[in-house]
Amino acid sequence: MSDLRELYQQVILDHHKKPRNFRALPEPCRNVEGYNPLCGDKVRVYVKLDNDIVREVSFQGSGCAISTASASLMTDSLKGKSLAEAEALFREFHDLITGKSDQAHAEERFGKLAVFAGVREFPVRVKCASLPWHTFRAALAGAEKPVSTE
Ligand code: ZN
């Protein structure tokens, strides 16, 4: 288990140092800012849809390692998904990080997103990990005002 934790730490640090899809998308696209006041994380998520397919998704912002790595891995995971698939993934991911689902097979189901299963032990960190996802959903819903985890 400690080897696994170490591996997870490495994945999170790697995505924190070299976030993927860290850029704005050209207009027109949906975008909104999310804020986690508990930790100070700020993230703006950009989404470009092609009918009901997530064609592009990117982010910018500043936050802790967990929130940045979560945004980075989220953008990698959502690209090419249908809106229904994206919503299902959000719900399953949320259950994983809040401890509502078993983490035994998390890696098979979630791939690298499974690295966040450990945040369930740290309620403050759950908000860091879920912030990009809530922001993504708000962008899809057409929100214009910043969204907050509180
Ligand atoms: Zn944070």
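The expected span of a helix is 1.5 Å times one less than its number of residues. Keep that rule at hand for the exercises below, which all work on a predicted model.

**Exercise 1. Work out what span helix α3 (residues 83-98) should have, and compare it with the distance between its end C-alpha atoms.**

Solution. Start with the length: α3 has 16 residues. At 1.5 Å a residue, the helix should span 22 Å. Now check the model: the end C-alpha atoms are 22 Å apart, which agrees. Just after the helix comes G99, with a positive phi near 85°.

**Exercise 2. Find which residues of α3 are buried, and decide how they are arranged around the axis.**

Solution. Take under 20% relative accessible area as the cut-off for buried. In α3, A86, L89, F90, F93, L96 and I97 are buried. These residues cover an arc of only 130° around the axis, which puts them on the same side of α3. The general rule helps here: an α-helix has 3.6 residues a turn, so residues three or four places apart point the same way. As for partners, the buried residues of α3 pack against α2 (65-78), α4 (106-110) and α5 (123-140).

**Exercise 3. List the protein donors of the zinc ion, then explain what C39 and C64 tie together.**

Solution. The donors are C39 (SG), D41 (OD), D41 (OD), C64 (SG) and C128 (SG), lying 2.2 to 2.6 Å from the ion. Along the chain they follow the spacing C-x1-D-x22-C-x63-C. Next, place the pair: C39 lies in the loop between β1 (30-36) and β2 (41-50), and C64 in the loop between β3 (53-62) and α2, so the two tie together parts that are 25 residues apart in sequence. Finally, look at accessibility: C39, at 31%, counts as partly exposed, whereas C64, at 17%, is buried.

**Exercise 4. Describe the largest nonpolar core and say which element gives the most to it.**

Solution. This core has 39 residues, and V45 and W133 are among those with the most contacts inside it. The elements that give two or more residues are α1 (2-17), β2, β3, α2, α3, α4 and α5. Of these, α5 gives the most, with eight residues. For a closer look, take V45: its contacts include V32, F59, M74 and F136.

**Exercise 5. Lay out the sheet and identify the strands at its edges.**

Solution. Four strands form an open, mixed sheet in the order β3-β2-β1-β4. β3 and β4 (147-148) each have a single partner strand, so one side of each is left without a neighbour in the sheet. β1 and β4 pair in the parallel sense over two bridges, and G34 stands opposite V147 in β4.

Definitions and conventions: Residues numbered from 1 in each chain as written. Predicted model: local features only at pLDDT ≥ 70, side-chain atom pairs only at ≥ 80, totals over all residues. Heavy atoms only, no water. Buried < 20%, exposed > 50% of the residue type's maximum accessible area, 1.4 Å probe, protein only. Arc of directions from axis to C-beta. Contact = heavy atoms within 4.5 Å. Donors = N, O, S within 2.8 Å, 3.2 Å for Na, K, Ca; no water. Core = buried A, V, L, I, M, F, W, Y, C linked by side-chain atoms within 4.5 Å. Pairing = 2+ DSSP bridges.
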